[in-house]
Amino acid sequence: MSLVGQAFLTASVQVLCDKIGSREFRDLFGEKKLDESLVKKLKITLLSLNAVLNDAEEKQFMNTYVKEWLDELQDAVFDADDLLDEINAEVLRCKVEAEYRTVKTQVWNFFSTSLNPFYQGMNGRIQELFDRLEHLAKQKDVLGLREGVVGGKVSQRTPTTSLVDESCVYGRDEDKEKLMNLLLSDDASNKDVSVITIVGMGGVGKTTLAQLLYNDDKVKKHFNLRTWAYVSEDFDVTRVTKTLLESVGSIAYDNKDPNFLQVELGQQIKGKKFLFVLDDLWNENYGDLSVLQRPFASGASGSWVIVTTRNESVAACIRTIPIHFLEQLSDEDCWLLLSKHAFENGNSTAIKSAICSTSLPD
């Protein structure tokens, strides 16, 4: 498999996960009494496979078994994409049908679902696909493929900060305006502290959007306190609380006792309108998230927390208002962003022409 093919496979797996996670997809399964648990397991398996693709790409040139594994995975992903396209087509059909449905046709639709060949065989087809991918997932362990490997080394994400270069940001004006109106409204939630959750796939710009909001002059004037905390997969309530506390107080704390830190944070923000950003949150344990939020209740009404995450389940645990789903950039904005980094003068026309006129090797 070529490097281009490898990149395409990674993107394809991510697209499959996005399709499975869409609200329309879940609504169809719930309405038609299809096996939702099977689809959830399918998504988990895809994510576990995606996590080792970088390591597999490194090892395929020295291990023919790994290359064969990648080829089989690519075939399975293509078949999965075809199956999900069929399901998405059914989702669209149901949408159109719903617009013209009468009470009579609703009753008929309820009884006819079990007679529809599409639904009769769908659970079996998804089960077959799941078994196929699950078999490949088990093989990855036998082949010694590891998660989070880049360039032969286990990768570690670079912690984010609140700083942003706005000259390199494209296509997020509408998202920023919508969330800005919420932050400045003070009455978007019936709770003293409201939580905005920004959800999207990796690299789509969740952190950048949070940075734009955090650094806006109107936001700076509106809140008494602003604090940024990078959370990451290694979630630790004590560490995150300590980060928030040290930022609020502008001093370092040697005491690592979680009770002391939480009580002190509550005292520091008491009666103040604050904005906290929790960037890259992965933990979906409701108990852990509840503990983290306890000191927040000391803040003044109108305080906000912004959470960025790839996981909709995480957002569902912590949100107080509807989730803000961040979509991919338009093609034109992607070209602008790419040309900004590729050429000093930001000539997107030049880079378009250069790419379109260059053929990739086989």
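Student: How do the residues lining the largest cavity divide into nonpolar, polar and charged?

Tutor: This is a predicted model. The lining consists of Ile20, Phe25, Val39, Leu42, Leu83, Leu84, Ile87 and Ile126. Sorted by class, that lining holds no polar and no charged residues, and the nonpolar count is 8.

Student: Which element supplies the largest share of the lining of the largest cavity?

Tutor: The cavity has a volume of about 30 Å³. Two elements, α3 and α5, each supply at least two of its lining residues. The largest share is 3 residues, and it comes from α5.

Student: Which residues touch the most other members of the largest nonpolar core?

Tutor: Nonpolar side chains tend to be buried together in soluble globular proteins. The largest nonpolar core has 32 residues. Those that touch the most other members are Leu42, Leu46, Trp69, Leu73, Ile126 and Leu133.

Student: Which element gives the largest share of this core?

Tutor: Elements that give two or more residues to the largest nonpolar core are α1 (3-21), α3 (36-50), α4 (53-59), α5 (64-99) and α7 (117-142). The largest share is 10 residues, and it comes from α5.

Student: How many residues are in the other core that lies apart from it?

Tutor: Look further along the chain for some of its members. Ala229, Leu244, Leu245 and Val307 are among them. This other core lies apart from the largest one, and its size is 26 residues.

Student: Why is β4 largely enclosed by the rest of the structure?

Tutor: Strand β4 covers residues 225-232. A residue is buried when its relative accessible area is under 20%. β4 is largely enclosed because the buried count among its 8 residues is 7.

Student: Is Ser232 of β4 buried or exposed?

Tutor: Ser232 is in strand β4. Leaving aside neighbours within four places in sequence, it is in contact with Arg239, Asp279, Asp280 and Trp282. Its relative accessibility is 12%, so Ser232 counts as buried.

Student: How many bridges join β4 to β5?

Tutor: Take two of the pairs. Leu225 has Phe274 as its bridge partner in β5. Tyr230 has Asp279 as its bridge partner in β5. The two strands run parallel, and the number of bridges joining them is 7.

Student: In β6, which residue does Leu275 stand opposite?

Tutor: β5 is mostly covered, with 8 of its 8 residues buried. It is also joined to strand β6 (residues 303-309), running parallel, by 4 bridges. Opposite Leu275 in β6 stands Trp304.

Student: Is Trp282 buried, partly exposed or exposed?

Tutor: Trp282 is in the loop between β5 and α13 (286-293). Buried means under 20% relative accessible area, and exposed means over 50%. Trp282 has 26% relative accessibility, so it counts as partly exposed.

Student: What distance separates the C-alpha atoms of Trp282 and Arg310?

Tutor: Trp282 is one of the residues in contact with Ser232. Along the chain, Trp282 and Arg310 are 28 residues apart. Their C-alpha atoms are separated by 7.4 Å.

Student: Which residues are the closest to the centre of the second largest pocket?

Tutor: About 320 Å³ of space lies in the second largest pocket. Its lining has 16 residues. The closest to its centre are Thr160, Gly203, Lys206, Thr207 and Arg310.

Student: Which element gives the most to the lining of the second largest pocket?

Tutor: Two or more lining residues come from each of α9 (206-214) and β5 (274-281). With 4 residues, the one that gives the most is α9.

Student: How many polar residues are in the lining of the second largest pocket?

Tutor: Split this lining by class. The nonpolar residues number 2 and the charged ones 5. The polar count is 9.

Student: What percentage of the contacts with a separation of 6 or more comes from residues 24 or more positions apart?

Tutor: The chain has 16 helices and 7 strands. Of its 362 residues, 40% are buried. Among contacts with a separation of 6 or more, the part from residues 24 or more positions apart is 75%.

Conventions:
Residues are numbered from 1 along each chain as its sequence is written. This is a predicted model: local features need pLDDT of at least 70, side-chain atom pairs count only at pLDDT 80 or more; totals for chains, interfaces and linings use all residues. Side-chain values use heavy atoms; hydrogens and water are left out. A nonpolar core is a set of buried Ala, Val, Leu, Ile, Met, Phe, Trp, Tyr and Cys residues joined through side-chain atoms within 4.5 Å. Buried means under 20% relative accessible area, exposed over 50%, partly exposed in between (1.4 Å probe, protein chains only). On a 1 Å grid over the protein atoms alone, a cavity is a set of points where a 1.4 Å probe fits but cannot get out, and a pocket is an open set with protein on both sides within 12 Å along at least five of seven lines; lining residues have an atom within 4 Å of a point. Grid points are joined across faces, edges and corners, and a volume is the space filled by probe spheres set on the points. Ala, Val, Leu, Ile, Met, Phe, Trp, Tyr, Cys and Pro count as nonpolar, Asp, Glu, Lys and Arg as charged, and the others, Gly among them, as polar. Contact means heavy atoms within 4.5 Å. Two strands pair if DSSP finds at least two bridges between them.
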